[in-house]
2 protein chains.
Amino acid sequence: MKKYAIIVAGGSGTRMGGALPKQFMLLRDRPVLFYTINTFLDCYEDLKLILVLPVDYMEMGREIIDAYFDKDRIQLTAGGDTRFQSVKNGLQYAEEEAIIFVHDGVRCLLTCDLIESCYQQALISGTAIPVITSKDSVRIISDEGNEAIDREKVMLVQTPQTFHGKILIPAFQIDYKDKFTDEATVVEAYGLKVSLVPGREDNIKITKPVDLVIAEKILQDRQPA
Amino acid sequence: MKKYAIIVAGGSGTRMGGALPKQFMLLRDRPVLFYTINTFLDCYEDLKLILVLPVDYMEMGREIIDAYFDKDRIQLTAGGDTRFQSVKNGLQYAEEEAIIFVHDGVRCLLTCDLIESCYQQALISGTAIPVITSKDSVRIISDEGNEAIDREKVMLVQTPQTFHGKILIPAFQIDYKDKFTDEATVVEAYGLKVSLVPGREDNIKITKPVDLVIAEKILQDRQPA
């Protein structure tokens with residue numbers, strides 16, 4: 001089946017006043033986004049990648065594509081004000097007869113194994129959301145205060161959130177709601193259940209400086225420099 | 001008010017076959033446990049510390065105390081098969097007219113600010129459980145499958161879990177149940193609600209090698225070597 005990976009590189013929509021967004025920071029001398037893109041392109045020869053960047057960073061994205069990748073396999077497009085709108089923009093370049101991965105650009109340590117297990121599950125059930133359990137005890141805030149919940153029942157959601165195109169594309173035609181924090185919530189609002197698959201502890205998001213140190217260590221453990 | 005800190009250094013109960021437990025691994029040339037103990041002792045001059053170690057590691061604990069601390073302020077005792085039993089053993093050395101902190105030995109990056117905010121809350125409401133929210137989307141497993149939950153309502157629990165002695169000591173007289181994953185769940189089973197206070201992102205547990213790298217980075221950011 002055809003495969004599309006929509007890489008959402010959110011963060012600051014403008015260069016003004018802010019630091020360099022994390023997806024462009026360097027990890028072993030290459031931008032974080034390089035690793036994300038490279039893993040998807042390496043994993044499947046027939047996968048096409050849709051890179052969604054804030055409009056002010058499209059030029060920087062273009063430079064990364066030119067430097068490292070076959071530009072015929074990557075469609076660059078501008079994001080919107082919300083993750084929902086960014087993914088919706090990316091979906092214009094995908095087809096319904098396909099499996100579509102939606103992935104955080106800053107989750108640069110995903111592996112082909114994880115992508116493949118999401119793909120296989122999405123083939124079977126139409127959806128695949130990678131999750132891990134919490135390492136800490138968990139409490140839920142309720143109207144009466146807070147209460148302990150079995151931590152085995154609490155799933156922390158990762159990406160790539162993976163869907164059959166026949167589900168994801170029509171689901172994104174519904175109106176935006178604030179509760180859409182990811183694609184799974186959109187698909188649920190569209191009326192479907194989602195399937196979970198085991199994620200990976202080391203499929204971390206790069207959101208603060210210490211995460212680059214962690215990422216470096218994980219890369220080193222996988223393959224010494 | 002009197003203050004006791006029970007430091008629970010769980011992990012392997014025996015030396016046979018296993019690697020060195022994380023609480024004894026070195027961070028900036030000192031055992032992880034050094035930082036945990038030092039922060040509590042530095043934070044309050046009138047605090048007494050109860051260090052609960054697996055029986056096979058008590059000698060190693062004694063060496064750390066002798067090397068770095070005033071041994072009159074630290075009571076060393078043997079742990080049990082469960083965290084519940086270990087804390088219960090430690091509680092023998094505490095009094096009811098006191099605030100009692102129960103803390104993971106491997107959470108070595110806690111700060112005096114965090115201890116102090118737990119103390120103040122426990123003075124007011126009798127309990128203080130530090131928590132942080134999840135950075136990832138969260139799903140809850142239910143009988144019908146799984147569903148998204150507002151991540152702002154999901155609290156990941158840290159330590160020091162802090163209690164008035166008049167609550168904690170009698171609460172630990174109840175019979176052990178499997179659901180006792182921490183002290184808050186014991187106090188709830190005893191019939192009380194617990195108060196939450198904001199934890200810290202950097203109050204991490206050292207549970208795998210990469211965590212030592214993270215801890216080193218956090219220490220460096222706080223105070224360059």
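1. Let's start with the packing around helix 3 of chain A in this predicted model. Phe84(A), Ser86(A), Val87(A), Asn89(A), Gly90(A) and Leu91(A) are the buried residues there. Their cover includes four strands of chain A, namely strand 1 (2-8), strand 4 (47-53), strand 5 (74-78) and strand 6. Helix 5 (165-171) and helix 6 of chain A also belong to that cover.

2. Chain B is worth viewing alongside. In helix 3 (residues 83-91) of chain B, the buried residues are Phe84(B), Ser86(B), Val87(B), Asn89(B), Gly90(B) and Leu91(B). They pack against strand 1 (2-8), strand 4 (47-53), strand 5 (74-78), strand 6, helix 5 (165-171) and helix 6 (183-189) of chain B.

3. For a closer look at one strand residue, try Thr77(A), which sits in strand 5 of chain A. Is Thr77(A) buried or exposed? Its relative accessibility is 8%, so Thr77(A) counts as buried, the cut-off being under 20%. Leaving out residues up to four places away in sequence, Thr77(A) touches Ile50(A), Leu51(A), Val52(A), Leu53(A), Met58(A), Gly90(A) and Tyr93(A). Among these neighbours, Gly90(A) is one of the buried residues of helix 3.

4. Next, a salt bridge within chain A. The side chains of Arg83(A) and Asp104(A) meet with an N to O distance of 2.6 Å. This pair links distant parts of the chain, with Arg83(A) in helix 3 (residues 83-91) and Asp104(A) in strand 6 (residues 98-104), 21 residues apart. Arg83(A) is partly exposed because its relative accessible area is 23%, whereas Asp104(A) counts as buried at 7%. Both belong to a network of salt bridges that also takes in Arg107(A), Glu183(A) and, from the other chain, Asp136(B).

5. You may also like to check Asp211(A) and Lys208(A), whose side chains form a salt bridge at 3.7 Å, N to O. Here Asp211(A) is buried, at 5% relative accessibility, while Lys208(A) is partly exposed at 29%. Over all chains, the whole structure holds 27 salt bridges.

6. Now for the interface. How much area is buried between chain A and chain B? The value is about 3100 Å², with 58% of it coming from carbon and sulfur atoms. Three residues, Ser137(A), Arg139(A) and Ile141(A), supply 20% of the area that chain A buries against chain B, more than any other three residues. In terms of contact, chain A contributes 36 residues and chain B contributes 36 residues.

7. Polar links across this interface deserve a point of their own. Between chain A and chain B there are 14 residue pairs in polar contact, counting pairs with both residues at pLDDT 80 or more. On the side of chain A that touches chain B, the elements giving two or more residues are strand 8 (138-142), strand 9 (145-149), strand 10 (154-157), helix 6 (183-189) and helix 7 (209-222). Helix 7 gives the most, with five residues.

8. How many salt bridges run between chain A and chain B? The count is four. One salt bridge between the chains joins the side chains of Arg139(A) and Glu188(B) at 2.7 Å, N to O. In another, Asp136(A) pairs with Arg107(B), their closest N and O atoms being 3.1 Å apart. That pair runs from the loop between strand 7 (127-133) and strand 8 of chain A to the loop between strand 6 (98-104) and helix 4 (112-125) of chain B. Asp136(A) and Arg107(B) are both buried.

9. Some backbone details are easy to pass over. The peptide bond from Thr159(A) to Pro160(A) is cis, with omega near 15°, and Pro160(A) lies in the loop between strand 10 and strand 11 (161-164) of chain A. In chain B, Thr159(B) and Pro160(B) are likewise joined by a cis peptide bond, with omega about 10°.

10. Two residues other than glycine in chain B have positive phi: Arg28(B) at about 50° and Asp29(B) near 70°. Arg28(B) lies in the loop between strand 2 (26-27) and strand 3 (30-31), and Asp29(B) is also placed there. Arg28(B) is partly exposed at 28% relative accessible area, while Asp29(B) is exposed at 68%.

11. Finally, the surface: Met1(A), Leu123(A) and Ile124(A) form a nonpolar patch with about 310 Å² of accessible area together. Ile124(A), in helix 4 (residues 112-125) of chain A, counts as exposed because its relative accessibility is 71%.

Note on methods
Residues are numbered from 1 along each chain as its sequence is written. Chains are lettered from A and ligands numbered from 1 in the order in which they are written. Side-chain values use heavy atoms; hydrogens and water are left out. Patches are made of residues with over 30% relative accessible area and no salt bridge: like charges are joined within 9 Å, nonpolar side chains (Val, Leu, Ile, Met, Phe, Trp, Tyr) within 5 Å. Accessible areas come from the Shrake-Rupley method with a 1.4 Å probe; for residues, only the protein chains shown count as cover. Buried means under 20% relative accessible area, exposed over 50%, partly exposed in between (1.4 Å probe, protein chains only). Contact means heavy atoms within 4.5 Å. Buried area is the accessible area (1.4 Å probe) that two parts lose on being put together, summed over both. A polar contact is a pair of N or O atoms within 3.5 Å; within protein, one must be able to donate a hydrogen and the other to accept it, and residues adjacent in sequence count only if both atoms are side-chain atoms.
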